[in-house]
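Student: Please choose a single part of this structure and take me through it closely, with the terms and their cut-offs spelled out as you go.
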Amino acid sequence: MIVPMEHVLIFAAVLFLIGLVTVVARRSLIMILLGVEVMLNAAGVAFVAGALRWWDITGQGMVLFIMAAAAAEIAVGLTLVFNIWWRTKNLNPDALTRLKG
Amino acid sequence: MTVFICLILFTPLLGATLLALAGRAISRRLSGVLACLCVAGSLAGAIAGWSALAESGSTTQTIHLFTWFSVAGLNASFSALYNHLAAVMATMVAFVSLIIHVHSYFFMRDDESWVRYFCYLNLFVFFMQVIVLADNLIFLFMGWEGVGFCSFALIGFWYTDPSRVMAGRKAFLVTRVGDVAFIAAMAVLFYATNSLGIADILGATGTLAPATVTLVGLLFLWAAAGKSAQLPLLVWLPDAMAGPSPVSALIHAATMVTAGVYLLIRLFPMLVLSTLTMEVIAALGALTALFAACAALAQHDIKRVLAWSTISQVGYMVIGVGIGDPNGSFFHLLVHAFFKSLLFMVAGIVIQALHEEHDIFKMGARVRKIAPGTALAFFCGAAALAGLPPFAGFFSKGTILEHALTSAVHGPPIWMAVWAAGTVTALLTALYSFRVFFLAFTGKPALEPDTKTEKTPPAMLHVLWPLALLSVVAGALNMPEHVAMQLGIPPHWLDHVLGNLAGPVMEHPDQHLASMAELIDGSLALVGFAIALFIYGPWRIRKPAADKGLAAAMQRGFGLDYLYMTYVARPYRAAADLIWKNVEDGGVDSAALGLGGIAVRAGNRARRWGEDKLTSYLLWLLLGLVIMLVIVAAVGIR
């Protein structure tokens, strides 16, 4: 491995934090979904690093699973977002208060 | 035989079902005709069944239709006990019902709830025939409650008037007080004989303890007092006049109110075993007869006079059972059904013709012009009610009073009191019958009448002539020998048909006493007629008595209603209030609400955590994750 393991993990952590901040700080459901994607990919990078470091194919397999899960998640998530948009013309998650007691 | 029983019972039920399901789909005329035809079917079944019974030669047949349920020896089967008593009664019920149905066809011509009316009327006939025929007491009780329901539904038939609905409710609740005793009697009988078939019970009376017989007899008397409006449960019947007049004629004069007496006659072989029961029955009947006759004297409402007189006449029937003369009692039941339903329906015609005018002081001779023929029909009924000598009531009431006099001469003093009460009542009966007749059909009305009148279809009256004829001649059913011999008809025909209901033979009173009783009754009826003519005759100026003192008390039925309101209903209501406020609200509800309150408060606390925005959830999620990571970092993974 040419690039040291630590560098890759730091990169993954930074990527994860960017995603996390996007999820927490943004006020649009689409951006939140985007943030979740970024976080998932950060985890994927960490898996690939691990797979190369210990020369074990399992890590790369895990990334395939993450991609599949992400694709499914985005399909369902975007459908919900569209639905919410049709119903409320509003994508601010804080406006969704119908379940409030 | 089974076919005939099914015909009697189920044609009216079929009619009611058809009307309930499809009554609105078929035309008004067709639904009315259908209802009448179904009752005619019941009548045909009753007549055919009667002749089949006479041909078969047996006196009693038990016909099992099907089993309703059977649990631990308690067998509730739909079975009929068919003897001559039931046959005659079923025929009478179907016959009177048929006339009343046809009369209703005209009487209710403008009513919008036509189908509902005929549906209930048919249903009533079904339940009444169940009472008449049933062998099993549970089956009988079904009919007993069924007629109670139909009575309730028909008293409050014009349900937009709250007072009528209240009257229906009152009738339902008061008769329910009697029904409790019916259930208790069934329980005692089942415990004692292990069966609820009347035939079985009457067969097993010899094995019963005397105390049981007395207890059961008194319980059935209480049940009968509820249904037949005897003291102390009679308060519902005068108010039941809120229903349409044909309903009063059918349910509250001819059939349902006599169901209690019929039950006592049916169970007579058991009742007769207890002297105490018989004495109580006779005393109760005598008291009721006298009480109600007094109340009838002061009524202003034509239907209420008839209602009180029904109570009084049913009192005679109860006397008949009590003195051990069920045949005479049943004779009076039949005759009373004819003339009282006639009186009610004629009153209904008059009321309709005068535009819902009930007050006899506002009627007078003009009624004869507006509704011609009603006066003659009413006179036939009133004369039969009063017991004027050649009319039917003279013979039927006379039979009972003859037996009462025989008992009075040969028995303990209580019988003398019973006979005396019955005789005084006979005078009062003649007095109030002709009081109504003279006030409602002759002379100038005492009070300024409401001028509005209405033309009524003459057919409404014409269908009543058979009843009027029977009111005059039905005495021939059970003539004493010396009268029958002169007329050339069989004496004591009904007694022969019914056979020996009594178990122990009730001998006919000796000729001397019988003639004496007849003489007394006949002359009292004439005296009553004369007094009524003198006070209320056409040329007199008749003013209603002032609304105070004895007359007012009599008009209100001696305050029995007030008594029940004050000493039964009010304490009950107070107790209900107390339980409602203290036990229900203060106890049960507070406990439940307290527990619920704790849950609500806890929930409110917890809710605060969830009350924030969706994004704050994510922040909490993040915080949790960080804390977990910190812990993992601090402790390390083992």
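Tutor: What follows is a close look at one helix pair in chain B and at the loop that comes after one of its members. The model is a predicted one, in which local features need pLDDT of at least 70 and side-chain atom pairs count only at pLDDT 80 or more, while totals for chains, interfaces and linings use all residues. Residues are numbered from 1 along each chain as its sequence is written, chains are lettered from A and ligands numbered from 1 in the order in which they are written, and side-chain values use heavy atoms, with hydrogens and water left out.

As background, an unreviewed UniProt entry places "domain: NADH:quinone oxidoreductase/Mrp antiporter transmembrane" at residues 134-408 of chain B (in the numbering used here, with the feature name shortened, and possibly inferred rather than shown by experiment). That span is 77% helix and 0% strand, and its end C-alpha atoms are 35 Å apart (helices are DSSP runs of H or I with at least four residues, strands runs of E with at least two, numbered from the N terminus).

The pair itself consists of helix 8 (residues 210-227) and helix 13 (residues 275-297) of chain B, whose axes come within 9 Å and cross at roughly 20° (lines fitted to C-alpha atoms over the stretch in contact, with angles from 0 to 180 degrees between N-to-C directions). Helix 8 of chain B is therefore roughly parallel to helix 13 of chain B, a term that covers angles under 35 degrees. Their crossing is right-handed, that is, the near helix is turned clockwise from the far one by less than a right angle.

From helix 8 of chain B, the contact draws on Val213(B), Thr214(B), Gly217(B), Leu218(B), Leu221(B) and Ala225(B), and from helix 13 of chain B on Leu276(B), Thr277(B), Val280(B), Ile281(B) and Leu284(B) (contact means heavy atoms within 4.5 Å). Sorted by character, the residues of this contact are eight nonpolar, three polar and no charged; Ala, Val, Leu, Ile, Met, Phe, Trp, Tyr, Cys and Pro count as nonpolar, Asp, Glu, Lys and Arg as charged, and the others, Gly among them, as polar.

The loop between helix 8 and helix 9 (236-239) of chain B contains Pro232(B), which is joined to Leu231(B) by a cis peptide bond with an omega of about -5°. Ala229(B) belongs to the loop between helix 8 and helix 9 of chain B, and although Ala229(B) is not a glycine, it has a positive phi of about 55°.

Conventions. Angles under 35 degrees count as roughly parallel, over 145 as roughly antiparallel, 65 to 115 as roughly perpendicular and the rest as oblique.
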